[in-house]
Amino acid sequence: MNPQTTPEASDSENPISIPENSVLDLQKVSISYSGNPAVNGVSFPIAEHKITSIIGPSGCGKSTLLRSLNRMNDFVDGVTLDGQILYMGQDLYGNDIDPVALRRRIGMVFQKPNPFPKSIYKNVAWGPSINGYIGSMDELVEQSLVQAALWEEVKDRLHESALGLSGGQQQRLCIARALAMSPDILLMDEPCSALDPISTAHIEDLLFELKSNYTIVIVTHNMQQASRASDYTAFLELGNLIEFGTTRQIFTVPQQKRTEEYVTGRFG
Amino acid sequence: MPNSENTNLKKTGLYKDNIQTRRRIAALFQYFCALVTWTGVFLLALLLYQVSVDGIQWLDMQFLSSFPSRFPYKAGIKSALVGTFWLITLIAIISIPVGVATALYLHEFSRKGRIHKLIQLNISNLAGVPSIVYGIIGLTIFVRGLALERSLISGALTMSLLILPVIIIASREAIQAVPMSTRHAAFALGATRWQTAWAHVLPTAFPGILTGVILALSRAIGETAPLIMIGALTYVAFLPEGPMDSFTALPIQIFNWVSRPQEEFHELAAGAIIVLLAVLLIMNATAIYIRHKTEQKLK
C-alpha cells in the first residue's frame, strides 16, 4: 500500500516521490491551445496497478493533461504538446506510435456518461469486436459487466437500449465498455461529477476492485474521493504541478503551502 | 387559476399590469400564423382539386400502359413512367453515395482549414444555382464531352449534379448533430475514424440524411429544365432497356402535352401530374416509414 518513496531532486522546488514501477512517465509536459498555455512543464510518473489522482481547481489543466495521456487531444484543433510522455519507455507522441493502437491500450471514461445509442450488450461488445476479438463475446460482455458491478442490474435486459439506464448505471456501463478492452491504463475524467452520492459510492468501490488489475488515472474535483481512493496524488494549479506524492503525504504532510490550503479547503 | 396569480402579482406593485395586452398580442400572432398556414394548405388543395377534376377521367390502365400518341384517347404515359423510374433509380445510385461520402469527408476527415471553408461556402452556393444551368453543364460535359448522347445516364448524371449540394448540406447537418461524446467514446476504445463513422456517426445521422435525400430526389423527379436542355425526347414509343438508351420522363411528357393546343392533351397532362404526385407520395411515405423505424431503434 505504501511503497518506498524517495524525494528526488529533479526539480528542486517539487520534491517528488517516485513510485517503483511506472507505466507512464510525464517529462516536462507542456500543452497549449493555439498558443495559450494550459499545462506548463509538468513531470510525474504514473505507477502500475495504482490509482493516481490529479486534483486542482477548475481550469488548472487537469483534464487537458489527462486527455494527452491517450492522445484524445489530437481531435482538438490547435493543440500542441512539448516535452515527453513515456509509455513503457516509448514516447507517446513519437512518429512510430499509432494513436488508434494506443487508445486500445489506454482506455478512457468520460465526465458525462456517453453510452452509444445501442443496446447494453452492443455497447460493451463493440470495442472488442472492432479490434478483432475472437474469444466468446458473451463471456467477455458478462465478465466486463460483472467487473463494473452492473451485471446483476442488467443481465435480464442486455439487448435493451443503454439510454434507458440511470446516469449511474450508464457510467458503470461506460466503465464496463472500457474494461472489455482490458486496457493497461484506465483514464477517468471526473467520472462521478454527474452522479448522485450513491452512484458515486458504487464507482469508488469499483475503483478499489479494479486496482489490482488496472492502472488508473483519475481526475477529480472531489478531495474526499482523491484521499479515499487514490495511492498517488498530483496537485495542479494554473497549469503548473505544485506537488506530487503519495496521497497520504499530500493530504497529511504537504510540502507546499498552496497544496495544504487546497486540500484543507481554504481555496479552490 | 391564472387570475388569482395575477392579483397576487398586482398587489406587489412592482409590475405594471399588462397581462391583457400581452395576451391579445399573443392571440393575434397565433391567428396570423394559423391564417398563413391554412392559406398555403388551401391553395395546395385547390391546385390538387383542379388537377384531379381535369385529369381523373383519363386515369385508367390504358393511360398507364400506352405509349404517347397523337390521338388523345390512345395516348398514355408508359414510356414516361418507366423513364422516370429508371432516372430516379440511377440518380439515387449516383448521388447518395457521393453526397453522403462528401459530407462525411468534410465533417469527419478533412482538416478544417481555409480550403475547407471555401468548399463549404461553394456547396451552399451551388444549391441555389438555377437548374437550367446544370442542364447546360450536363449538355457540355456528359452529352457532348463524354459523348454519352441523350441517354438516361446523361440525364441521371446531370440531375445528380443538381441535387448533390442538397444531399451534402442535409447530410452534413445530420452528421454535425451527432454528439462529439459518441465519437470520443469510440476513439477511446481504439476505433479508427472510419470505424467510428461507420458504426456510430452514420447510423445516428441516418434519419436526418434520409430526409435530405428524399427531399433531393423529390426535387429531381419533378425537374424539367435540365432534361429539356440535355435533349430528353418528347415522343418515345419504346422502353429504355439500359442506361445508354434515350428516354423521356413524366415532367417532359407533361410539358409536351400542355404545350399542345388541344384541350384533351391538357387533360392528359393533368392525369400525368396525378401519377407524378402519386409516385412522389409513395417515395416520401416509404422514406418516412424507414426513418420512423430507425429512430425507434436508436431510442
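How many residues does the contact take from chain B and from chain A? In this predicted model, 22 residues come from chain B and 25 residues from chain A.

**The interface of the two chains**

The size of an interface is often given as the accessible area lost when the parts come together. Between chain B and chain A the buried area is about 1,900 Å², and carbon and sulfur atoms give 66% of that area. Several elements of chain B take part, since helix 8 (180–187), helix 9 (193–222) and helix 12 (263–298) each supply at least two residues of the side that touches chain A. Helix 9 of chain B gives the most to this side, with 7 residues. The table lists some counts that belong to the interface.

| Item | Value |
|---|---|
| Salt bridges between chain B and chain A | 0 salt bridges |
| Polar contacts between chain B and chain A, both residues at pLDDT 80 or more | 4 residue pairs |
| Nonpolar residues on the side of chain B that touches chain A | 9 residues |
| Polar residues on the side of chain B that touches chain A | 9 residues |
| Charged residues on the side of chain B that touches chain A | 4 residues |

**An enclosed helix in chain A**

Helix 3 of chain A spans residues 120–130, and because 9 of its 11 residues are buried, this helix is largely enclosed by the rest of the structure. Among the buried residues of helix 3 are I120(A), Y121(A), W126(A) and P128(A). Their cover comes from both chains, for it includes helix 4 (137–147), helix 5 (151–154) and helix 6 (167–179) of chain A, together with helix 8 and helix 9 of chain B. After helix 3 of chain A comes G132(A), which has a positive phi, near 80 degrees.

**A buried glutamate in chain A**

Which strand of chain A holds E243(A)? E243(A) is found in strand 12, which covers residues 240–246. Although E243(A) is buried, it has no salt bridge, and the nearest side chain of opposite charge, that of R258(A), is 10 Å away; a salt bridge would need the charged atoms to be within 4 Å, so R258(A) cannot supply one here. The side chain of E243(A) does, however, reach the backbone nitrogen of Q256(A) at 3.1 Å. Beyond its neighbours within four places in sequence, E243(A) is in contact with several residues, including T233(A), F235(A), I250(A), P254(A) and Q256(A).

**A cysteine in chain B**

In chain B, C33(B) lies in helix 2 (residues 19–55), and it is partly exposed, with a relative accessible area of 33%. Between C33(B) and P240(B), which stand 207 residues apart along the chain, the C-alpha atoms are separated by 48 Å.

How values were computed: Residues numbered from 1 in each chain as written. Chains lettered and ligands numbered in written order. Predicted model: local features only at pLDDT ≥ 70, side-chain atom pairs only at ≥ 80, totals over all residues. Heavy atoms only, no water. Helix = DSSP H or I, 4+ residues; strand = E, 2+ residues; numbered from the N terminus. Buried < 20%, exposed > 50% of the residue type's maximum accessible area, 1.4 Å probe, protein only. Lys, Arg positive; Asp, Glu negative; His and termini not counted. Polar contact = N/O pair within 3.5 Å; in protein donor to acceptor, adjacent residues only side chain to side chain. Contact = heavy atoms within 4.5 Å. Buried area = accessible area lost by both parts, 1.4 Å probe. Nonpolar A, V, L, I, M, F, W, Y, C, P; charged D, E, K, R; others polar.
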